[in-house]
Amino acid sequence: MTAVRLEKQGDVALAIVDNPPVNALSQAVRQGILDCIGAATADSAVKAIVLACEGRSFIAGADIKEFGKPPQPPFLPDVLGALEASGKPVVAAIHGTALGGGFEVALACHARVADARAKIGLPEVKLGLIPGAGGTQRLPRLAGVAFAIDVASSGRMVGMKEALAAGVIDKIADGDLRASAVEYARTLVGKPPRRTRDLIIPQHDHAAVEAQIKEIRKKARGAEAPVIAAQTVMDATHKNFDQGLADERKTFMHLLGTDQSKAMRYVFFAEREVLKTPHLEGVAPRPISRVGVIGSGTMGAGITISLVNSGMPVTVVEMAQEALDRGHARMKSTWERDAKLGRISAAQVDQRLSLLTMTTDFNALADCDLVIEAVFEEMAIKKDIFTRLGKVAKPGAVLASNTSYLDINAIGAFSGRPADVIGMHFFSPANIMRLVEIIEGAKSAKDAVATGVAVGKRMGKLPVVMGVCDGFVGNRILAAWRPVADMAVEDGAMPHEIDAAMEKWGMAMGGFAVGDLAGLDIGMRRRREFAHLRDPEKRDSGAVADAICALGRYGQKTGAGYYKYVDGKREVDPIVTDIINKVSADKGIARRPIAGEKVMEQIHATMVNEAAHILSEGIVSRPLDVDMVLLNGYGFPAWRGGPLHEADRIGLDKVLATMREVHKSAGKGYEPAPLLEKMVAQGKKFADLKPGDAQKM
Ligand code: 3H9
């Protein structure tokens, strides 16, 4: 198969890229484009050229698999230079997604005609990179500095309406894309080609752009690429095109070698790999045409919104009409807000509402192929629901619990049909958060688990399959490191110092601020409920939280928790400082200075240590499963790749040494994991572990 072929329609030559699955710019494609443009330019019968693609998409960018290998000529900037220099008009015919290098190809063409559903974007920042073939230099010339900074720094995809308004696209195709592009190309014959490199950058508002870059820096949370992308766009305003292009390329090549880019490229492939659970390979999911959701509180409503957004009819069951009405209002207002923000049309709001069946009749779940229970986290309630579900649900229906830590095996047993039962643990707000933990019980049928994965994917989520344990992967790791932060507070650090260090490290939010957001009463109740199970030999770290809760300070919802909230702003509260000092004194602890950075290091080591236990127990089979959970549900920075990728970068010997320190101050329960010890002894990294290796070590 040739990666790029040349066809002719009368006096117009079509250079057609055909490199499945997404027409990535492999060496063969780069060479093919160069050859086809050369041949078409040399052919006197050809008056204009259209660059189009086969398959589901226009070029989706450089071939990411080639990154890290020695680059092979021809290099993309040179190919695009030749394309732009052509004396015959070259028109890009865009369908699907024109991303990264693909969009840069289109920018170097003399005009762009696009299918109405197409999308363009510069997602390089999501790989820790900036565009490397003129994107930062050509886009501002076409669409202005502010637009170019926004697109290059966010990596977001842009629809055709917006692209047309911004001047990026010349025409949205009416009818057949290629025919439309050919026709447009003919209108350009005889006119001097409009070369993007020669366009004058429109004037911009300096103060506004400065503010824009400041905001980008804030949002980046330590990621380098977004700010560098913005600065490189700004270069276009004071460097000539060739200089700007050469400097952009230099920066791109430099970023390719950085740890951040390596981590983000790992994430790109891990996000795809995580969906290919080895032991479910070839297992077909059960067909799903209607889903039931039990509960329409925050969680149930979020899950329902997400299901309906994916086009799924949903039957929502509540105990009382009042709760049902509240749930309905919550969902309706979410969609109406989306419509107000222009994300969906008014007709789509109606269409979504029409997919909802709201009822208090439990028997209405009888025609659902999948039922997701999202009620209060109490085993007695789950028992009642799953006992009833086992009888009401039709044979073959998958029964899922959205529990965040309860035993799926016990829940399966209540139903009397454990093969149909799985866990689907969503994260709040469930219509936004991407992670869903798919819990496979000891008796869950493989196709029931595969169904959970398929539905999660359809909802646009990232499903990660795992076995049963307390807290599953995410909350178990949280439960392991959280006390380390609490103990550090008892020993000498302050919550705001630890939070600041966590955020500086790249976490979305500090642990104490998250506690205030989620509600401190949840932890307090859990501590009370399980007090009788507490091992007296383990260090107790709940005294500060209990003392704060004793004052009715449950976090943001009560206006105070670890912090006080003044006009919605988080502030250090001297009352909390006093509480902390008193707890330390009561425990006979001589407070000592502990740097927030040190605590963060210990938090990370504890995450890794718990993950090592999880891997050894076979709860998940691959390190990337853990990384994807922490990244998509717990605010771990993508540019560090996940706790285990980051541990490999730091060196497992160093992580182990930190864990030994944690053990020294935290005591029983914080011993270094045997897997971690063995890996260090054998000089192994997490990246070396194949599925299931950890269990065998
Ligand atoms: C760049 O362009 C740098 C330039 O500025 C400078 C150059 C000098 N390369 O996502 P899917 C694979 S940086 C290699 O499941 P979808 C993917 O791994 C690049 N492989 O499909 C998967 O393989 P498998 C900037 C790629 O329909 C298969 O294709 N571009 C690439 O859900 C299907 O992918 C980007 O960052 C690639 N570029 O989504 C775009 N892209 O089946 C990255 C995909 O073995 N790509 N694969 O697991 C995407 O965002 C999505 O793939 C896309 C399709 C939206 C295109």
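Which residues line the largest cavity? This report gets to that first, then moves on to the ligand, the domains and a few backbone details. Keep in mind throughout that this is a predicted model.

## The cavity

The largest cavity is lined by M494, P495, H496, Y562, Y563, V572, D573, V576, T577 and I580. Two elements each give two or more residues to that lining: α19, running over 495–505, and α23, running over 574–586. The largest share comes from α23, which puts in three residues.

How much space lies in the largest cavity? The figure is about 50 Å³. If you count cavities of 30 Å³ or more, you get one. Sorted by class, the lining has seven nonpolar residues, two polar ones and one charged one. In general, rolling a probe the size of a water molecule over the atoms is what shows where empty space is left.

## Around the ligand

Now for the ligand, which has 27 residues around it. The ones that come nearest are R56, A62, G101, E104 and E124. By class, the shell splits into 14 nonpolar, five polar and eight charged residues.

Which elements each supply at least two residues of this shell? They are the strand β5 (97–99) and the helices α3 (101–108), α10 (241–256) and α11 (259–273). Of the elements, α11 gives the most to the shell, with three residues.

## Polar contacts with the ligand

A few atom pairs are worth finding in the viewer. Start with A62, one of the residues that come nearest to the ligand: a backbone N or O atom of A62 sits 2.8 Å from an oxygen atom of the ligand. The backbone of A60 also takes part, with a polar atom 2.9 Å from a ligand nitrogen. With K276 it's the side chain you want to look at, where an N or O atom is 2.8 Å from an oxygen atom of the ligand.

How much of the ligand does the protein bury? On its own the ligand exposes 1000 Å², and the protein buries 75% of that.

## Domains

Stepping back to the whole chain, you'll find it divided into three pieces. Domain 1 is made of two stretches, 4–192 and 203–257. Domain 2 covers 288–466, and domain 3 covers 473–697. Taken over C-alpha atoms, the centres of domain 1 and domain 2 are 41 Å apart.

## Backbone details

Where do the cis peptide bonds described here turn up? One joins P20 and P21, with omega about 0°. P21 is in the loop between β2 (12–17) and α1 (27–42). Another cis bond goes from P73 to P74, again with omega near 0°. For P74, look in the loop between β3 (48–53) and α2 (76–85).

One more residue to check out is R221, which has a positive phi, near 45°, although R221 is a residue other than glycine. You'll find R221 in the loop between α8 (206–220) and α9 (225–235).

Notes: Residues are numbered from 1 along each chain as its sequence is written. This is a predicted model: local features need pLDDT of at least 70, side-chain atom pairs count only at pLDDT 80 or more; totals for chains, interfaces and linings use all residues. Side-chain values use heavy atoms; hydrogens and water are left out. A residue is near a molecule or strand if one of its heavy atoms lies within 4 Å of it. A polar contact is a pair of N or O atoms within 3.5 Å; within protein, one must be able to donate a hydrogen and the other to accept it, and residues adjacent in sequence count only if both atoms are side-chain atoms. Accessible areas come from the Shrake-Rupley method with a 1.4 Å probe; for residues, only the protein chains shown count as cover. Helices (H or I, at least four residues) and strands (E, at least two) are DSSP runs, numbered from the N terminus. Ala, Val, Leu, Ile, Met, Phe, Trp, Tyr, Cys and Pro count as nonpolar, Asp, Glu, Lys and Arg as charged, and the others, Gly among them, as polar. On a 1 Å grid over the protein atoms alone, a cavity is a set of points where a 1.4 Å probe fits but cannot get out, and a pocket is an open set with protein on both sides within 12 Å along at least five of seven lines; lining residues have an atom within 4 Å of a point. Grid points are joined across faces, edges and corners, and a volume is the space filled by probe spheres set on the points. Domain bounds come from an automatic or database domain assignment.
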